[in-house]
Amino acid sequence: MYIISESDDYEKLSCLFNENGLEIDAGIRRPHNVVKCWECRDITSNKLIGGASLEIRSGYFVVADVAVDIDYRKEKIGTQLMSIMEDEIIKQGGSEAWLVGKVPEFYIKIGWEIVDRDQAPNISKCFTCDKFGTECFAEVMRKTLVKA
Ligand SMILES: CC(C)(COP(=O)(O)OP(=O)(O)OC[C@H]1O[C@@H](n2cnc3c(N)ncnc32)[C@H](O)[C@@H]1OP(=O)(O)O)[C@@H](O)C(=O)NCCC(=O)NCCS
């Protein structure tokens, strides 16, 4: 059993993101453009087992990071974290979300679509990285959000 809640401890979350293979330094301070972050904890052990952060970049809502501890994957925690972020965007008046994702299959399953890099707003430093499209095959993705 686990619980997801809003988090103020970005430094801890950045460690979780780093440990789970995201390109983020462990222990960094909360970037100024973070809208909100969430953590997921195992209720029994209180262990941090998942997290997510939502940012505004160039005026667009961007799922900056989402990660689930390897021992807790495929239990829909990732899906729930994504759903919470999407709801938050709608709550804040947004109608679409963006991300650059290394696991497009996961995002496609939950309603995201791949977008040509040329058609995306300037939401990622990936776009100017030499590895993008050569060594790194992340996809730019978008989801149109509708009120439930
Ligand atoms: C990607 C990640 C957040 C998914 O979290 P999760 O809690 O395991 O995902 P869910 O259980 O909600 O999965 C939902 C669906 O997506 C599928 N899925 C999850 N991860 C997947 C992956 N890496 N590749 C393909 N499909 C995946 C699941 O099998 C599930 O499919 P189903 O509905 O048919 O059962 C998690 O694997 C993770 O932290 N990975 C390492 C960090 C990372 O890559 N983050 C994303 C960076 S862009």
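Visitor: Why is Glu-113 called partly exposed?

Guide: This is a predicted model, and the label comes from a computed value. Glu-113 has a relative accessible area of 36%. Buried would need under 20%, and exposed would need over 50%. The value falls in between, so Glu-113 is partly exposed.

Visitor: And what makes Arg-142 count as partly exposed?

Guide: The same test applies. Arg-142 has 23% relative accessibility. That is not under 20% and not over 50%, so Arg-142 is partly exposed.

Visitor: How do you know that Arg-142 and Glu-113 form a salt bridge?

Guide: Their closest N and O atoms are 3.0 Å apart. A salt bridge needs a side-chain nitrogen of Lys or Arg within 4 Å of a carboxyl oxygen of Asp or Glu. The pair passes, so it is called a salt bridge.

Visitor: What makes this pair a link between distant parts of the chain?

Guide: Arg-142 lies in strand 7 and Glu-113 in strand 6. They are 29 residues apart.

Visitor: Which residues are joined into one network by salt bridges that share partners?

Guide: Glu-6, Lys-36, Glu-88 and Lys-91. Two of them, Glu-88 and Lys-91, meet directly at 3.6 Å, N to O. That is within 4 Å, so the pair qualifies.

Visitor: Where do Glu-88 and Lys-91 lie?

Guide: Both are in helix 2, 3 residues apart, about one turn of the helix. An α-helix has 3.6 residues a turn, so residues three or four places apart point the same way.

Visitor: Is Glu-88 buried or exposed?

Guide: Buried. Its relative accessibility is 7%, and the limit is under 20%. Lys-91 has 66%, which is over 50%, so Lys-91 is exposed.

Visitor: How many salt bridges does a search of the whole structure find?

Guide: It finds 10. One of them joins Asp-69 and Lys-47, with the closest N and O atoms 3.2 Å apart.

Visitor: Why is the pair of Asp-69 and Lys-47 said to tie parts together?

Guide: Asp-69 sits in the loop between strand 4 and helix 2. Lys-47 sits in the loop between strand 2 and strand 3. The two are 22 residues apart in sequence, so the pair ties those parts together. Asp-69 is buried at 13% relative accessible area. Lys-47, at 36%, is partly exposed.

Visitor: What makes up the largest nonpolar core?

Guide: It has 25 residues. Those with the most contacts inside it are Val-66, Leu-81, Met-82, Met-85 and Trp-112. Strands 2, 3, 4 and 5 and helix 2 each give two or more residues. Helix 2 gives the most, with 6.

Visitor: Which residues does Met-82 touch?

Guide: Leaving aside residues up to four places away in sequence, Met-82 touches Val-63, Val-66, Leu-99, Phe-106, Tyr-107, Ile-110 and Trp-112. Contact here means heavy atoms within 4.5 Å. A second, separate core has 10 residues, among them Leu-13, Phe-17, Leu-22 and Ala-67.

Visitor: Which residues of helix 1 are buried?

Guide: Tyr-10, Leu-13, Ser-14, Leu-16 and Phe-17. They cover an arc of only 160 degrees around the axis, which puts them on the same side of helix 1. Their cover includes strands 1, 2, 3 and 4.

Visitor: Why does Ser-14 count as buried?

Guide: Its relative accessibility is 0%, under the 20% limit, so Ser-14 is buried. Beyond its sequence neighbours up to four places away, Ser-14 touches Ile-24, Asp-25, Ala-26, Gly-27 and Ile-28.

Visitor: And why is Ser-53 called buried?

Guide: Ser-53 has a relative accessible area of 0%, so it passes the same limit. Ser-53 lies in strand 3. Its contacts more than four places away in sequence include Tyr-10, Phe-17, Cys-37 and Met-85.

Visitor: Which residues form a nonpolar patch on the surface?

Guide: Met-1, Ile-3 and Ile-43, with about 370 Å² of accessible area together. Ile-43 is in the loop between strand 2 and strand 3. A patch residue needs over 30% relative accessible area, and Ile-43 has 48%, so Ile-43 meets that requirement.

Methods:
Residues are numbered from 1 along each chain as its sequence is written. This is a predicted model: local features need pLDDT of at least 70, side-chain atom pairs count only at pLDDT 80 or more; totals for chains, interfaces and linings use all residues. Side-chain values use heavy atoms; hydrogens and water are left out. A nonpolar core is a set of buried Ala, Val, Leu, Ile, Met, Phe, Trp, Tyr and Cys residues joined through side-chain atoms within 4.5 Å. Buried means under 20% relative accessible area, exposed over 50%, partly exposed in between (1.4 Å probe, protein chains only). Helices (H or I, at least four residues) and strands (E, at least two) are DSSP runs, numbered from the N terminus. The arc is that of the directions from the helix axis to the C-beta atoms. Patches are made of residues with over 30% relative accessible area and no salt bridge: like charges are joined within 9 Å, nonpolar side chains (Val, Leu, Ile, Met, Phe, Trp, Tyr) within 5 Å. Accessible areas come from the Shrake-Rupley method with a 1.4 Å probe; for residues, only the protein chains shown count as cover.
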